[in-house]
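This report is for a reader who is meeting the structure for the first time. Please look over the sequence and the model before reading on.

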Amino acid sequence: MKCAPKIVTVVAAVIWRDGKYLGVKRPQGKPMAGQYEFPGGKVEPDESVRAALVRELREELDITPTSIAFFQEKEHSYAHISVHLHFFHVRAFEGELSPREGQEMEWLTPEEGKDRPFLEADQDIVAQLAVTGSEVIQ
């Protein structure tokens, strides 16, 4: 009997600046390298999703979000893992963006995001942002 993959709780940030959001390209050596994603990561045991978001953005990008708004949550299953994602809009942050894990980063208009190879779990979010744009966070 085949077991279902474990469900991992994950946070992801749609970080906005001047009507564009930050797309991060997964670095070589990581699963699904070369695909774009929204920055974030796994929630640790006994950690709130908001605390995880703040920690992950510090670890990955050396920033501290100062304006966080819950966006939506969803589940997605890959062949090797199932994720329960919590998406947040980040409208402001402190610090200078620095790719601490060697990842490439790009500010994308909502329309440009559709042309990037985003992770499967993020594709419907990218499509939704292309329709609503940054107005969703006003």
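What follows goes from the whole chain to its aromatic rings and then to single residues.

## The chain as a whole

The model is a predicted one. The protein chain contains three helices and seven strands. In sequence order, these elements give the pattern β-β-β-β-α-β-β-β-α-α.

How does the radius of gyration of the protein chain compare with that of a compact globule? For 138 residues the globule value would be near 14 Å, and the chain has 14 Å, so the two agree. Measured out along the principal axes, the C-alpha trace covers about 50 × 30 × 30 Å.

Of the 138 residues in the protein chain, 47% are buried. Among contacts with a separation of 6 or more, 69% are made by residues 24 or more positions apart. The exposed surface of the protein chain is about 7,400 Å², and 48% of it is supplied by carbon and sulfur atoms. As for charge, there are 16 positive and 23 negative side chains in the protein chain. The centres of these two sets lie 2 Å apart.

## Aromatic rings

A pair of aromatic rings is described by two things, the distance of the centres and the angle of the planes. The count for this model comes to seven aromatic pairs. One of them joins Phe38 and Phe87, with ring centres 6.2 Å apart and planes at 90 degrees; an angle over 60 degrees counts as edge-to-face, so this pair is edge-to-face. Which parts of the chain does the pair of Phe38 and Phe87 tie together? Phe38 sits in the loop between β3 (36–37) and β4 (40–42), while Phe87 belongs to strand β6 (residues 82–94), so the pair ties together parts that are 49 residues apart in sequence. Phe38 is buried, because its relative accessible area of 3% is under 20%. Phe87 is buried as well, at 0% relative accessibility.

Phe70 and Phe88 form another aromatic pair, also edge-to-face, at 5.7 Å centre to centre and with 80 degrees between the planes. This pair links distant parts of the chain, with Phe70 in strand β5 (residues 64–77) and Phe88 in strand β6, 18 residues apart. The two partners fall into separate classes of accessibility: Phe70 is partly exposed with a relative accessible area of 44%, whereas Phe88 is buried with 3%.

One aromatic cluster is formed by Trp16, Tyr21, Tyr36, Phe38, Phe87 and Phe118. Phe38 and Phe87, paired above, thus belong to this cluster.

## Single residues

Glu56 has its place in helix α1 (residues 49–61). Is Glu56 buried or exposed? Glu56 has a relative accessible area of 9%, and because this is under 20%, Glu56 counts as buried. Leaving aside residues up to four places away in sequence, Glu56 touches Val11, Gly40, Gly41, Lys42 and Leu61.

Two aspartates have an unusual sign of phi. Most residues other than glycine have a negative phi. Asp18 has a positive phi, near 55 degrees, and lies in the loop between β1 (7–17) and β2 (20–25). Asp62 likewise has a positive phi, near 60 degrees, and is found in the loop between α1 and β5. Asp18 is exposed, with a relative accessible area of 74%, while Asp62 counts as partly exposed at 40%.

Asp115 lies in the loop between α2 (110–113) and α3 (123–132). With a relative accessible area of 61%, which is over 50%, Asp115 is exposed. Ala127 is in helix α3 and counts as partly exposed at 39% relative accessibility.

The table gives separations in sequence and in space for two residue pairs.

| Residue pair | Apart in sequence | C-alpha to C-alpha |
|---|---|---|
| Asp115 and Ser77 | 38 residues | 23 Å |
| Ala127 and Ile7 | 120 residues | 24 Å |

Definitions and conventions
Residues numbered from 1 in each chain as written. Predicted model: local features only at pLDDT ≥ 70, side-chain atom pairs only at ≥ 80, totals over all residues. Heavy atoms only, no water. Helix = DSSP H or I, 4+ residues; strand = E, 2+ residues; numbered from the N terminus. Buried < 20%, exposed > 50% of the residue type's maximum accessible area, 1.4 Å probe, protein only. Rg over C-alpha atoms; globule rule 2.2 N^0.38 Å. Contact = heavy atoms within 4.5 Å. Areas by Shrake-Rupley, 256 points an atom, 1.4 Å probe, with all protein chains shown as cover. Lys, Arg positive; Asp, Glu negative; His and termini not counted. Charge placed at Lys NZ, Arg CZ, Asp CG, Glu CD. Phe/Tyr/Trp six-rings, centres within 6.5 Å; stacked < 30°, edge-to-face > 60°.
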